[in-house]
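Welcome! Please take a look at the sequence and the model displayed here, and keep the viewer open while you read.

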Amino acid sequence: MFVLLNQQRKHKTDLKGLRAFLSGLSDALGVRQEFAVALVTDEKIHQLNRSYRGFNKPTDVLSFRGDDPYLGDILISSETAYRQAMNS
């Protein structure tokens, strides 16, 4: 089971499609623990990257391990991911 949070408004996101992808991936990998995926802004991921990793810049993805039975959190900067996709 997972929770999907859209905490950004800069990029339109197909949340229904993303939920289907996460559900299929969880099933295929046999993931039974709860986890969260949050779409965030560059500003938010920059702050977290600086606080937790000591890097003073935004990144595309941060992940945080949870305490059993909670698997953890995955944070995705929609802005950085978009820029990377446009440049590849």
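The report below goes from the overall fold to a few side-chain contacts and then to the surface.

## The fold at a glance

This is a predicted model. The protein chain has 88 residues, of which 28% count as buried. The chain holds 3 helices and 4 strands, and following the sequence gives the order β-α-β-α-β-β-α. If you are setting up a box, the C-alpha trace spans about 35 × 30 × 25 Å along its principal axes.

Sequence-distant contacts are well represented: taking contacts between residues at least 6 apart in sequence, 55% join residues at least 24 apart. The chain exposes about 6200 Å², with carbon and sulfur atoms supplying 53% of that area.

## Around Asp42 and Ser77

A good place to zoom in is D42, which lies in helix 2 (residues 42-53). D42 counts as buried because its relative accessibility is 11%, under the 20% cut-off. Its side chain makes a polar contact of 2.5 Å with the side chain of S77. Setting aside residues up to four places away in sequence, D42 touches P58, S77, E79, T80 and R83.

On the other side of that polar contact, S77 belongs to strand 4 (residues 72-77). S77 is buried too, with a relative accessible area of 0%. Beyond its neighbours within four places in sequence, S77 is in contact with V40, T41, D42, I45, T59 and D60. For a sense of distance, the C-alpha atoms of S77 and H46 are 9.1 Å apart, while the two residues are separated by 31 places in sequence.

## Two salt bridges

Side chains of opposite charge can pair when their charged atoms come close. How many salt bridges does the model contain? The count comes to 2.

One of them joins D42 to R83, with the closest N and O atoms 2.9 Å apart. D42 sits in helix 2 and R83 in helix 3, so this pair ties together parts that are 41 residues apart in sequence. The partners differ in exposure: D42 is buried at 11%, whereas R83 is partly exposed at 39%.

E79 and K10 form another salt bridge, and here the closest N and O atoms are 3.9 Å apart. Because E79 lies in helix 3 (residues 78-87) and K10 in the loop between strand 1 (2-6) and helix 1, the pair ties together parts that are 69 residues apart in sequence. E79 is buried, with a relative accessible area of 14%, while K10 is exposed at 58%.

## Aromatic pairs

Searching the whole structure turns up 2 aromatic pairs. In one of them, Y52 and F64 have ring centres 5.0 Å apart and planes at 70°, so the arrangement is edge-to-face. This pair links distant parts of the chain, with Y52 in helix 2 and F64 in strand 3 (residues 61-65), 12 residues apart.

Are these two residues buried or exposed? Y52 is exposed, with a relative accessible area of 58%, and F64 is partly exposed at 25%.

## A nonpolar patch on the surface

Finally, turn the model to find F21, L25 and L29, which form a nonpolar patch on the surface. Together these residues have about 310 Å² of accessible area. L29 lies in helix 1 (residues 15-29) and is exposed, with a relative accessible area of 60%.

Conventions
Residues numbered from 1 in each chain as written. Predicted model: local features only at pLDDT ≥ 70, side-chain atom pairs only at ≥ 80, totals over all residues. Heavy atoms only, no water. Patch = residues over 30% accessible without salt bridge, like charges linked within 9 Å, V, L, I, M, F, W, Y side chains within 5 Å. Areas by Shrake-Rupley, 256 points an atom, 1.4 Å probe, with all protein chains shown as cover. Salt bridge = Lys/Arg side-chain N within 4 Å of Asp/Glu carboxyl O. Helix = DSSP H or I, 4+ residues; strand = E, 2+ residues; numbered from the N terminus. Buried < 20%, exposed > 50% of the residue type's maximum accessible area, 1.4 Å probe, protein only. Contact = heavy atoms within 4.5 Å. Polar contact = N/O pair within 3.5 Å; in protein donor to acceptor, adjacent residues only side chain to side chain. Phe/Tyr/Trp six-rings, centres within 6.5 Å; stacked < 30°, edge-to-face > 60°.
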